[in-house]
Amino acid sequence: MEILNDSQLIEQLKAGDKEAFEAVFKKYYKLLNISAFYILQDEIEAEDTVQGFFVDLWEKQLFTNINSSLKAYLTTAIRNRCLKKVESETRTQKKLADYKYTLTEVEEEETPAPEIYPEKMLADLSIQRMQAFTLVHYENKKYKDAALEMGISINSLKTHLKLAIKTLKEGLKSAK
């Protein structure tokens with residue numbers, strides 16, 4: 001194909017000439033990629049945008065809208081597509097940030113940190129229950145060793161633990 005100027009290429013495109021389309025692609029692809037990259041700052045995204053534009057240009061016959069300079073039309077079309085992508089990405093990021101903020105806010109509202117003071121709750125237990133609970137759960141002593149230290153039987157220790165845990169659970173429920 002002979003080298004045509006832009007106005008001749010437009011006329012050939014409007015006539016449905018695939019060779020004219022290929023000529024436009026070869027002539028402007030690199031320039032449009034650079035323009036897209038300048039806006040998107042992502043090489044692959046820029047190439048995808050330009051290739052998608054050329055597909056639309058041919059399939060949707062967008063070239064029928066060209067009334068002025070081919071170069072101006074192509075660069076403006078790519079710039080607009082890139083700006084739409086950036087705007088869409090910005091909206092998506094904002095929605096994600098809002099969603100994360102909302103989730104955090106909802107989680108805080110649904111599960112407020114109750115002001116629970118375990119030491120105070122333990123202090124409310126009887127001396128033997130508090131001692132049994134402390135020896136077994138804080139000091140990680142075996143029942144046998146804790147019972148021996150307290151001077152009671154293992155069954156008595158288990159009873160004190162059971163009642164201590166029951167009291168602590170009730171205290172936690174009422175604190176919420």
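**A walk through an all-helix model**

Hi everyone, let me start with a single residue: Q12 has a relative accessibility of 31%, so it counts as partly exposed. Please keep in mind throughout that we are looking at a predicted model. The cut-offs explain the label: buried means under 20% relative accessible area and exposed means over 50%, with partly exposed in between. Q12 sits in helix α1. If we set aside its neighbours within four places in sequence, Q12 is in contact with L4, D17 and A20.

Now let me step back to the whole protein. How many helices and how many strands does the protein have? The count is 8 helices and 0 strands. Reading from the N terminus, the order of elements is therefore easy to remember, α-α-α-α-α-α-α-α. The protein has 176 residues, and 25% of them count as buried. It exposes about 12,700 Å², and carbon and sulfur atoms supply 54% of that area. One more overall number concerns contacts between residues at least 6 apart in sequence: 54% of these join residues at least 24 apart.

Let's go back to helix α1, which covers residues 6-14. D6 belongs to this helix. Is D6 buried or exposed? With a relative accessible area of 17%, D6 is buried, because the value falls under the 20% cut-off. The side chain of D6 has two polar contacts to show you. One joins it to the side chain of K27 at 2.8 Å, and another joins it to the side chain of Y28 at 2.5 Å. Beyond its neighbours within four places in sequence, D6 is in contact with K27, Y28, L70 and K71. K27 and Y28, then, appear both in that contact list and as polar partners of D6.

Also in helix α1 is L13. L13 has a relative accessibility of 0%, so it counts as buried. Which residues does L13 contact, leaving aside its neighbours within four places in sequence? They are A20, F21, V24, W58 and F63. As a distance to check on your screen, the C-alpha atoms of L13 and A23 lie 10.0 Å apart, with their positions 10 residues apart in sequence.

Next comes a pair of helices. Two packed helices are described by the angle between their axes and the distance between the axes. Helix α2 spans residues 18-40 and helix α3 spans residues 43-59; they pack at an angle of about 145 degrees, and their axes are 8 Å apart. The crossing of α2 and α3 is right-handed. On the α2 side, the residues making the contact include F21, V24, F25, Y29 and L32, and on the α3 side they include A46, V50, F54, L57 and W58. What kinds of residues make up this contact of α2 with α3? They divide into 13 nonpolar, 3 polar and 4 charged. You may recognise F21, V24 and W58, which are among the contacts of L13 as well.

Let's look at the loop between α2 and α3, where we find Q41. Q41 is not a glycine, yet its phi is positive, near 60 degrees. Its relative accessible area is 56%, over the 50% cut-off, so Q41 is exposed. There is another such residue further along: N140, in the loop between α6 (127-138) and α7 (143-150). N140 is not a glycine either, and it has a positive phi of about 55 degrees. With a relative accessible area of 63%, N140 is exposed.

Two last stops. Y73 lies in helix α4, which runs over residues 70-110. Apart from its neighbours within four places in sequence, Y73 is in contact with F53, L57, L62, N65 and I66. L57 also takes part in the contact between α2 and α3. The C-alpha atoms of Y73 and F63 are separated by 9.0 Å, and these residues are 10 apart along the chain.

Finally, H160 is in helix α8, residues 154-175. H160 has a relative accessible area of 16%, which means that it is buried. Setting aside its neighbours within four places in sequence, H160 is in contact with Q128, R129, A132 and I152. Thanks for listening!

Note on methods
Residues numbered from 1 in each chain as written. Predicted model: local features only at pLDDT ≥ 70, side-chain atom pairs only at ≥ 80, totals over all residues. Heavy atoms only, no water. Helix = DSSP H or I, 4+ residues; strand = E, 2+ residues; numbered from the N terminus. Buried < 20%, exposed > 50% of the residue type's maximum accessible area, 1.4 Å probe, protein only. Contact = heavy atoms within 4.5 Å. Areas by Shrake-Rupley, 256 points an atom, 1.4 Å probe, with all protein chains shown as cover. Polar contact = N/O pair within 3.5 Å; in protein donor to acceptor, adjacent residues only side chain to side chain. Axes fitted to C-alpha atoms, helices over the stretch in contact; angles between N-to-C directions. Left-handed = near helix turned anticlockwise from the far one by under 90°. Nonpolar A, V, L, I, M, F, W, Y, C, P; charged D, E, K, R; others polar.
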